[in-house]
Amino acid sequence: MSDKSNLATNMVEEPGEQATRRAFLAAAGAAGLCYAAALAYPVYRYLASPEEMALSATAVTEVTLKDAQKLPMGSVLMFKFGTAPAMLIHHADGRWVALTAVCTHLGCTVQYEPQADRIHCACHGGVYNAYTGANVSGPPPRPLTLFKVAVNQAGVEVSRA
Ligand code: FES
């Protein structure tokens, strides 16, 4: 009888030991939640990114390019319109043109070629009109988006048409 009662008293947990176990389980649960959140956040960002990118692309409606009025004729200034690359061209005849610089074929960044006075996409050879953004040859299915341009003393304001 005394052996059994000794065995039973040995298996009863002390109150301090029980509190330590609870603290450990709470800490493990909190660490598990943090780990799950760390795994879920990149998945959320990946799934939400196309919507967010579309929203941020349309959120910006105007960009002011300080001192861009000094851009020499026959040259180009690349800039960001929101999150997308864009270009401001000061043509040799004095006209100003601003367009998106994202190829409508597969999204490569296009380049202005002043000697040919055209916009060229090096990825698959797409060519655009440097005044209107119209797709002239190659695989691009649509023209580049044209922006409004206002030149003043402080710079050049580019806005959605
Ligand atoms: S991405 Fe520009 S022509 Fe294909």
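## Cysteines

Let's start with C121: in this predicted model, C121 has a relative accessibility of 2% and counts as buried. C103 is buried too, at 6% relative accessibility. C123, on the other hand, is partly exposed, because its relative accessible area is 40% and partly exposed covers the range between 20% and 50%.

C123 also takes part in a disulfide, and the count of disulfides here is 1. Its partner is C108, with the two sulfur atoms 1.9 Å apart. The link is left-handed, with -100 degrees about the S-S bond. C108 sits in the loop between strand 4 and strand 5 (111-113), while C123 sits in the loop between strand 6 and strand 7 (126-129), so the bond joins distant parts of the chain, 15 residues apart.

## The open sheet

Now for the strands. Six of them, in the order 1-10-9-4-3-2, make an open sheet with antiparallel pairing. Strand 1 (62-66) and strand 2 are the edges: each has a single partner strand, so one side of each has no neighbour in the sheet. On average, and ignoring direction, neighbouring strands of this sheet are turned by 25 degrees against each other.

Take a look at the end where strand 1 meets strand 10 (residues 155-160). These two pair in the antiparallel sense over 5 bridges, and T64 stands opposite E157 of strand 10.

## A stacked pair of rings

The model has 1 aromatic pair. F81 and F147 are the partners, and their rings are stacked, 4.3 Å centre to centre with 10 degrees between the planes. Here again distant parts of the chain are linked: F81 belongs to strand 2 (residues 75-81) and F147 to strand 9 (residues 146-151), 66 residues apart.

Are these two rings buried or exposed? F81 is buried, at 3% relative accessibility, and F147 is buried as well, at 7%.

## Nonpolar cores

In soluble globular proteins, nonpolar side chains tend to be buried together. The largest nonpolar core here has 14 residues, and the members that touch the most others are M87, I89, L99, V110 and I119. Strand 3 (84-90), strand 4 (96-100) and strand 6 (118-121) supply at least two residues each to this core.

What does M87 touch, leaving aside its neighbours within four places in sequence? Its contacts include V76, L77, M78 and F79, then V97, A98, L99 and A101, and also V110, Q111, Y112 and I119. There is a second, separate core as well, with 12 residues, among them L65, L71, A86 and L88.

Terms used: Residues numbered from 1 in each chain as written. Predicted model: local features only at pLDDT ≥ 70, side-chain atom pairs only at ≥ 80, totals over all residues. Heavy atoms only, no water. Phe/Tyr/Trp six-rings, centres within 6.5 Å; stacked < 30°, edge-to-face > 60°. Helix = DSSP H or I, 4+ residues; strand = E, 2+ residues; numbered from the N terminus. Buried < 20%, exposed > 50% of the residue type's maximum accessible area, 1.4 Å probe, protein only. Core = buried A, V, L, I, M, F, W, Y, C linked by side-chain atoms within 4.5 Å. Contact = heavy atoms within 4.5 Å. Pairing = 2+ DSSP bridges. Axes fitted to C-alpha atoms, helices over the stretch in contact; angles between N-to-C directions. Disulfide = S-S within 2.5 Å.
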